[in-house]
Amino acid sequence: MLILMHKLVARRIGVPLSEIRIRRRGDIIFTHIASQADPLLVIIRSAKSVSLQTYLDKFTIVRDSRLPSLDQAVVDALFDEIAFTYESIIDVKRNMENIDLLFETIAKAIGPLTGATILDLGCGTGLSVQSRFNRGINLIGIDRSPKMRDIALLKGMRVAGIKDFENQCVTLDGIFASYVFHLMSDTSILCPLWKCLKPGGVMIANFHKNRGVESINEIIVKLNGSIIELDQPDGSERHGAYVEYHKQK
Ligand SMILES: C[S@@+](CC[C@H](N)C(=O)[O-])C[C@H]1O[C@@H](n2cnc3c(N)ncnc32)[C@H](O)[C@@H]1O
């Protein structure tokens with residue numbers, strides 16, 4: 001199987017077979033090219049028909065072309081793998097700008113955030129802790145990647161587990177997701193989070209390259225939420241569509 005993968009990847013990306021290095025982690029196979037630090041290739045082991053997709057303009061993901069979106073296991077493996085270099089790979093300013101806009105949009109919807117409990121869904125390395133809006137807010141993060149969570153914890157973010165929400169131990173005034181929904185194929189987290197959102201509470205997200213809007217809208221409609229596709233806040237065009245989800249009062 002591994003030899004087949006070697007050959008397949010080498011052929012696909014036009015690199016000599018001798019350059020390909022493979023490492024296995026659970027169901028995921030990481031492929032590195034010996035002469036380059038990048039790209040990193042993440043492969044679904046069971047993929048029979050594969051297609052290539054680039055991510056962050058840096059990584060090539062070889063994935064099962066029958067899957068409509070990136071497989072969640074691949075996304076999880078990718079973020080665990082890049083956690084410690086994440087902030088040097090992304091444009092931190094761009095993400096901070098987006099997080100600030102999401103905080104501002106929540107405040108417009110529910111009023112001043114002082115004392116409010118706000119969840120950063122897909123908090124990653126905890127950039128929102130550094131936002132100028134994070135004053136007097138009870139900010140909580142949640143993320144699937146243990147390594148991203150560890151870094152958020154080091155930044156001083158309070159990181160919760162899904163059990164806290166399944167057991168409805170937390171009541172949320174608002175939720176935001178920055179650069180997350182375009183990657184999310186396992187959406188099972190949304191139902192318990194929505195249940196923890198106060199009546200009248202909001203969830204606000206950007207959708208990178210407008211990806212994922214329909215699938216998230218569908219879920220929220222089933223949860224009886226209402227949807228407002230927002231006019232882009234000033235300067236936000238590069239972050240993709242902004243959508244606001246309201247829980248009925
Ligand atoms: C591109 S990063 C964005 C991180 C942070 N929000 C930011 O703006 O820098 C996407 C994050 O979403 C997390 N993620 C992806 N799918 C998820 C899911 N289904 N549930 C929770 N977190 C998820 C990843 O682990 C990763 O940390």
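Ala, Val, Leu, Ile, Met, Phe, Trp, Tyr, Cys and Pro count as nonpolar here, Asp, Glu, Lys and Arg as charged, and the others, Gly among them, as polar. With that in hand, the shell around the ligand sorts into eleven nonpolar, six polar and three charged residues. Keep in mind that you're looking at a predicted model. The chain has 249 residues, and 37% of them count as buried. Its secondary structure comes to eight helices and twelve strands.

**Around the ligand**

- The ligand has 20 residues around it, and the closest are Phe79, Gly122, Gly124, Ser145 and Ser178.
- Two elements give two or more residues each to this shell: α2 (72–82) and α4 (92–110).
- Of the elements, α2 gives the most, with three residues.

**The seven-stranded sheet**

- Seven strands make up an open sheet with mixed pairing, and reading across you get β8-β7-β6-β9-β10-β12-β11.
- The edges belong to β8 (158–159) and β11 (226–229); each has a single partner strand, so one side of each has no neighbour in the sheet.
- As background, strands of a sheet pair through backbone hydrogen bonds, and the pairing can be parallel or antiparallel.
- Strands β6 (residues 117–121) and β7 (residues 138–142) are a parallel pair with five bridges, and Leu119 sits opposite Ile140 of β7.
- Another parallel pair is β9 (residues 172–177) with β10, again over five bridges; here Ile175 faces Met203 in β10.
- Going the antiparallel way, β10 and β12 pair over six bridges, with Phe207 opposite Ala241 in β12.
- β11 and β12 are antiparallel too, with four bridges between them, and Glu229 stands opposite Val243 in β12.

**What covers the strands**

- Helix α8 (residues 213–222) lies across β10 (197–207), β11 and β12 (241–246), and it runs at about 5 degrees to β12.
- Most of β12 is covered, with five of its six residues buried.
- β10 is largely enclosed by the rest of the structure, because eight of its eleven residues are buried.

**The nonpolar core**

- In soluble globular proteins, nonpolar side chains tend to be buried together.
- The largest nonpolar core in this model holds 54 residues, and Ile175, Phe176, Leu193 and Ala205 have the most contacts inside it.
- Which residues does Ile175 touch, leaving aside its neighbours within four places in sequence? Its contacts are Leu119, Leu121, Leu193, Leu197 and Met203.
- Met203 is also the residue that stands opposite Ile175 where β9 meets β10.
- Across the whole chain, take the contacts between residues at least 6 apart in sequence: 57% of them join residues at least 24 apart.

**A look at the β8 edge**

- Arg158 lies in strand β8, which is one of the edge strands of the sheet.
- Why does Arg158 count as partly exposed? A residue needs 20 or more C-beta neighbours within 10 Å to be buried, and 12 or fewer to be exposed; Arg158 has 14 inside 10 Å, so it falls in between.
- Setting aside neighbours within four places in sequence, Arg158 is in contact with Leu139, Ile140 and Gly141.
- Gly141 is 17 residues away from Arg158 in sequence, yet their C-alpha atoms are 6.1 Å apart in space.
- One of those contacts, Ile140, is the β7 residue that stands opposite Leu119.

Methods. Residues numbered from 1 in each chain as written. Predicted model: local features only at pLDDT ≥ 70, side-chain atom pairs only at ≥ 80, totals over all residues. Near = placed C-beta within 6 Å. Contact = placed C-beta atoms within 7 Å. Pairing = 2+ DSSP bridges. Axes fitted to C-alpha atoms, helices over the stretch in contact; angles between N-to-C directions. Core = buried A, V, L, I, M, F, W, Y, C linked by C-beta atoms within 7 Å.
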